[in-house]
Amino acid sequence: QISGCEVLRCLAELGEAPMDELAEVAQSSKRAFPRDASVHKAADLLLSLAVPRSAASIGALMDSAAGDEAVQRNGVCSLGHLAGNGGVAWRGASTVAVNRVLRAMANHRGSAELQAVGLWALGRFAERVEAPEAGMQDAAERAKKRHPDSALVCRHADQLIAFLLRDR
């Protein structure tokens with residue numbers, strides 16, 4: 001597992017491997033050997049390369065089509081899935097990713113679908129990545145106020161707000 005992660009990390013550095021699949025392999029290695037610190041270290045090294053590069057690619061696409069609701073929704077969903085890889089992999093990249101999610105939500109306030117997936121993604125960033133929480137509660141309250149008839153928006157907003165207020 002350790003050697004495999006190292007080989008994949010080298011391939012990733014050369015740009016010869018799909019980053020999203022590398023992140024999944026790293027997570028699989030950690031799940032297969034939950035108590036092996038060496039495997040976790042090798043997997044985290046792979047994740048620390050794959051996740052920021054994937055996030056940057058997704059972000060570049062989102063930046064190039066800020067007015068396209070479908071592109072933004074898909075980008076937010078992809079960032080939310082990447083957040084499942086945890087905090088170690090997101091050092092230095094989580095603030096930019098959260099800001100892209102918040103920007104997409106602000107630019108497409110009328111889309112209940114984007115608001116719901118945005119709140120879900122923000123929740124994953126808050127819980128799994130320990131990303132900066134600035135603006136998250138305001139976004140949740142705005143989405144809930146704008147889409148009171150959307151059960152999905154309200155549920156994700158309530159869950160996010162409850163998580164953000166957990167220690168207060």
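What share of the 168 residues of the chain counts as buried? For the model in front of you, which is a predicted one, the answer is 46%, and I would like to keep that figure in mind while we go through the chain.

Let me begin with the overall make-up. The chain has eight helices and zero strands, so that, read from the N terminus, its elements run α-α-α-α-α-α-α-α. If we take the contacts between residues at least 6 apart in sequence, 68% of them join residues that are at least 24 apart.

I turn next to helix H4, which covers residues 69-83, and to one residue in it, glutamine 72. Is this glutamine 72 buried or exposed? Its relative accessibility is 0%, and because buried means under 20%, glutamine 72 counts as buried. Once its neighbours within four places in sequence are left aside, glutamine 72 is in contact with Met62, Ala65, Ala66, Arg103, Ala104, His108 and Leu114.

Moving along the chain, we come to helix H6, residues 112-129, whose 18 residues reach 25 Å from the first C-alpha to the last, which is close to the 26 Å expected at 1.5 Å a residue. This helix is mostly covered, since 13 of the 18 residues in H6 are buried. Just after H6 comes glutamate 130, which takes a positive phi of about 55°.

Now to a pair of helices. In general, two packed helices are described by the angle between their axes and the distance between the axes. For H7 (residues 136-146) and H8 (residues 151-164), the axes come within 9 Å and cross at roughly 155°. That angle makes H7 roughly antiparallel to H8, and the crossing of the two helices is left-handed. Which residues meet there? On the H7 side they are Met136, Gln137, Ala140, Glu141, Ala143 and Lys144, and on the H8 side they are Val153, Cys154, Ala157, Asp158, Leu160, Ile161 and Leu164.

Cysteine 154, which we have just met in H8, brings me to the last topic. Cysteine 154 is buried, because its relative accessible area is 15%, whereas cysteine 77, at 26% relative accessibility, counts as partly exposed. How many disulfides does the structure hold? A disulfide is a covalent bond between the sulfur atoms of two cysteines, and the structure holds zero of them.

To gather this up, we have a chain of eight helices, with a buried glutamine 72 in contact with residues including Met62 and Leu114, and with H7 and H8 lying roughly antiparallel.

Technical notes:
Residues numbered from 1 in each chain as written. Predicted model: local features only at pLDDT ≥ 70, side-chain atom pairs only at ≥ 80, totals over all residues. Heavy atoms only, no water. Disulfide = S-S within 2.5 Å. Buried < 20%, exposed > 50% of the residue type's maximum accessible area, 1.4 Å probe, protein only. Helix = DSSP H or I, 4+ residues; strand = E, 2+ residues; numbered from the N terminus. Expected span 1.5 Å × (residues − 1). Axes fitted to C-alpha atoms, helices over the stretch in contact; angles between N-to-C directions. Parallel < 35°, antiparallel > 145°, perpendicular 65-115°, else oblique. Left-handed = near helix turned anticlockwise from the far one by under 90°. Contact = heavy atoms within 4.5 Å.
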